[in-house]
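User: I should like to go through the assignments made for this model and hear the reasoning behind each of them. Please set each value against its criterion.

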Amino acid sequence: MEQPVQAMDTAHFESILKTRKAEIESRLQKIDSDLGRLKSADSGERAVESENDEVLEEFGQVGEGELRGIDAALDRIHAGTFGTCVKCGEPIAIERLKAVPHTPFCQACAAAH
Ligand SMILES: [Zn+2]
């Protein structure tokens, strides 16, 4: 079935975003439990522990940032503005959405950001 060029398959992106969100959430939960385990681990390996802590915490922050971006993208899907740049209002290229489904910016605005 032919679809209009401008049609945005939001259902497709919604399922991608929800899958990605579930992945990040389960990974963040694992990080939380890893951090808890490391903090209660034997003090003989403290240097290694804190190094691991930093890596895990950094990873957790990246994950939480992406999670917020995904939530915002899901909000835009429900609001009917998904695929539109939040800065300039121009459509975001489909290739860009495929690469980064939660991006709120078009290529030009992301580059200027
Ligand atoms: Zn833009």
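User: What is the sequence spacing of the donor residues of the zinc ion?

Analyst: In this predicted model, the donor residues follow the pattern C-x2-C-x17-C-x2-C along the sequence. The residues concerned are Cys85, Cys88, Cys106 and Cys109, each coordinating the zinc ion through its SG atom.

User: What makes Cys85, Cys88, Cys106 and Cys109 donors of the zinc ion?

Analyst: Their SG atoms coordinate the zinc ion at 2.3 Å. The criterion admits N, O and S atoms within 2.8 Å of such a metal, so sulfur atoms at that distance qualify.

User: Why is the arrangement of the four donor atoms around the zinc ion called tetrahedral?

Analyst: The angles subtended by the four donor atoms run from 106 to 116°. Four donors count as tetrahedral if all angles lie between 85 and 135 degrees; the arrangement is therefore tetrahedral.

User: Which of the terms buried, partly exposed and exposed applies to Cys85, and which to Cys88?

Analyst: Cys85 has a relative accessible area of 3%. Buried means under 20%, so Cys85 is buried. Cys88, at 38% relative accessibility, falls between the limits of 20% and 50% and is therefore partly exposed.

User: How many aromatic pairs are there, and why is the pair of Phe13 and Phe82 called tilted?

Analyst: The count comes to one aromatic pair. It is formed by Phe13 and Phe82, whose rings are 5.4 Å apart, centre to centre, with 45° between the planes. Ring centres must lie within 6.5 Å, and planes count as stacked under 30 degrees and as edge-to-face over 60. An angle of 45° meets neither of those limits, so the pair is tilted.

User: What does this pair tie together, and are Phe13 and Phe82 buried or exposed?

Analyst: Phe13 belongs to helix α1 (residues 10-39), whereas Phe82 is in the loop between α2 (46-79) and α3 (94-99), so the pair ties together parts that are 69 residues apart in sequence. Phe13 is buried because its relative accessible area is 1%; at 7%, Phe82 is buried as well.

User: How do you know that Glu14 forms a salt bridge with Lys18?

Analyst: Their closest N and O atoms are 3.1 Å apart. The criterion asks for a side-chain nitrogen of Lys or Arg within 4 Å of a carboxyl oxygen of Asp or Glu, so the pair qualifies. Both residues lie in helix α1, four residues apart, about one turn of the helix. Glu14, at 19%, counts as buried because the limit is under 20%, while Lys18, at 45%, is partly exposed. The structure holds six salt bridges, including this one.

User: What makes Arg20, Glu23 and Glu66 one network?

Analyst: Arg20 meets Glu23 in a salt bridge of 3.2 Å, N to O, and these two residues are three apart in helix α1. Arg20 also forms a salt bridge with Glu66, the closest N and O atoms being 2.8 Å apart. Glu66 lies in helix α2 and Arg20 in helix α1, so that pair ties together parts 46 residues apart in sequence. Salt bridges that share partners thus join Arg20, Glu23 and Glu66 into one network.

Note on methods
Residues are numbered from 1 along each chain as its sequence is written. This is a predicted model: local features need pLDDT of at least 70, side-chain atom pairs count only at pLDDT 80 or more; totals for chains, interfaces and linings use all residues. Side-chain values use heavy atoms; hydrogens and water are left out. Donors are N, O and S atoms within 2.8 Å of the metal (3.2 Å for Na, K and Ca); water is not among the atoms, so sites may look incomplete. Four donors count as tetrahedral if all angles lie between 85 and 135 degrees; four count as square planar and six as octahedral if opposite donors are over 155 degrees apart and all others between 65 and 115; anything else is irregular. Buried means under 20% relative accessible area, exposed over 50%, partly exposed in between (1.4 Å probe, protein chains only). Rings of Phe, Tyr and Trp (its six-membered ring) pair if their centres lie within 6.5 Å; planes under 30 degrees apart count as stacked, over 60 as edge-to-face and the rest as tilted.
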